[in-house]
Amino acid sequence: MNPEQYVQDKAAASGSSFYYAFLFLPRERRAAITAFYAFCREVDDVVDEVHDKGVAAAKLQWWHGEVAQAFDGKPTHPAMQALLPHAGPCRILPDPLHSIIEGCEMDLKYDGYEDFEGLANYCHHVAGVVGEVSARIFGQRDEATTQYAHKLGLALQLTNIIRDVGEDARRGRVYLPQADLRRFGVTPEDIAQRKYGAAFTALMRFQAERAHACYDEALALLPAIDRRSQKPGLMMASIYRTLLREIETSDFQVLHQRIALTPLRKLWLAWKVQALGKM
């Protein structure tokens with residue numbers, strides 16, 4: 001299997017909403033974002049699939065070495081072999097890739113965050129930087145688009161946290177800020193034990209409002225000159241914000257299940273942005 005087929009299979013197998021945004025890109029940009037997405041999945045999977053933290057830390061350290069080696073012209077992993085040819089044309093630098101790995105390393109060090117500032121720093125590494133690199137791959141022309149990409153990455157990650165709060169708690173992680181839990185009278189044990197109630201609903205409504213504010217801020221930051229090139233990101237905003245509204249409609253029934261949109265609905269939302277410019 002060649003590197004291009006490897007990253008294509010990695011992206012398709014993930015079932016991620018990102019896959020639907022890639023479909024409408026020109027071939028070269030689609031190849032670049034697919035390779036980048038495969039890299040992100042590889043390092044993220046280390047944390048999710050390797051249960052020994054020492055082994056996971058060693059694997060992530062190996063990835064730091066692989067990134068450095070790849071930009072010296074000697075990639076060994078198929079994800080980096082597929083990504084490297086696009087580094088020059090898409091202005092992909094090694095530092096953001098190292099930052100993404102550092103975000104995964106934070107998952108090995110911390111089970112949660114005291115306040116939103118700490119959570120936002122984590123989101124910067126695992127989502128904001130991903131948005132920054134993606135914006136360049138999509139064809140960014142205005143440097144101000146980087147601010148949009150970081151804010152959108154934060155919005156998407158906050159949506160992920162809301163969707164996965166029950167699943168994450170069962171893995172021993174509660175990403176919702178501890179200060180917010182105390183404010184609304186909810187404990188990590190309540191979440192792990194799937195205790196619904198007025199306090200939990202109020203907590204989650206507060207988190208959803210914060211995420212919606214980030215979506216609004218991101219869209220306001222996108223320069224007009226880049227609105228066309230950044231359609232894949234706008235597709236992601238449409239898909240994830242629709243998911244967030246579905247979670248709100250369910251009254252935040254996320255402790256015992258993972259709420260998701262159907263593939264057909266994701267494709268429809270992506271197509272509307274591509275063809276009609278509507279979110």
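The sulfur of C123 lies 8.7 Å from the closest cysteine sulfur, which belongs to C214, and this separation is too far for a bond. A disulfide is taken here as a pair of cysteine sulfur atoms within 2.5 Å, and by this rule the count comes to zero disulfides. C214 is likewise in no disulfide, the nearest cysteine sulfur being that of C123 at 8.7 Å. C123 is buried, with a relative accessible area of 1%, and C214 is also buried, with a relative accessible area of 5%; buried denotes a relative accessible area under 20%, exposed over 50% and partly exposed in between, computed with a 1.4 Å probe on protein chains only.

The model is predicted, so that local features need a pLDDT of at least 70 and side-chain atom pairs count only at pLDDT 80 or more, whereas totals for chains, interfaces and linings use all residues. Residues are numbered from 1 along each chain as its sequence is written, and side-chain values use heavy atoms, with hydrogens and water left out.

Helix 3 (residues 27–49) and helix 6 (residues 94–109) pack at an angle of about 20°, with their axes 9 Å apart. Helix 3 is therefore roughly parallel to helix 6, given that angles under 35 degrees count as roughly parallel, those over 145 as roughly antiparallel, those of 65 to 115 as roughly perpendicular and the rest as oblique. The axes are lines fitted to C-alpha atoms, for helices over the stretch in contact, and the angles run from 0 to 180 degrees between N-to-C directions. The contact is made by F36, F39, C40, V43, D44 and V47 of helix 3 together with L97, I100, I101, C104, D107 and L108 of helix 6, where contact means heavy atoms within 4.5 Å. The crossing of the helix 3 and helix 6 pair is right-handed, the near helix being turned clockwise from the far one by less than a right angle, whereas an anticlockwise turn would make a crossing left-handed. Helices (H or I, at least four residues) and strands (E, at least two) are DSSP runs, numbered from the N terminus.

H98 is also placed in helix 6, and at 18% relative accessibility H98 counts as buried. When its neighbours within four places in sequence are left aside, H98 is in contact with H64, V67 and A68.

Helix 13 comprises 19 residues (residues 231–249), which at 1.5 Å a residue should span 27 Å, and its end C-alpha atoms are 27 Å apart, in agreement with this value; the expected span is 1.5 Å times one less than the number of residues. Of the 19 residues of helix 13, 15 are buried, so the helix is largely enclosed by the rest of the structure. One residue placed in helix 13 is I239, which counts as buried at 1% relative accessibility. Not counting residues up to four places away in sequence, I239 touches S17, Y20, L261, K266 and L269. The C-alpha atoms of I239 and P85, which are 154 residues apart along the chain, are separated by 30 Å.

Most residues other than glycine have a negative phi. D251, which follows helix 13, has a positive phi of about 65° although it is not a glycine, and F252 has a positive phi of about 60° although it, too, is not a glycine. D251 is found in the loop between helix 13 and helix 14 (263–276), and F252 is found in the loop between helix 13 and helix 14. At 38% relative accessibility D251 counts as partly exposed, whereas F252, at 2%, counts as buried.
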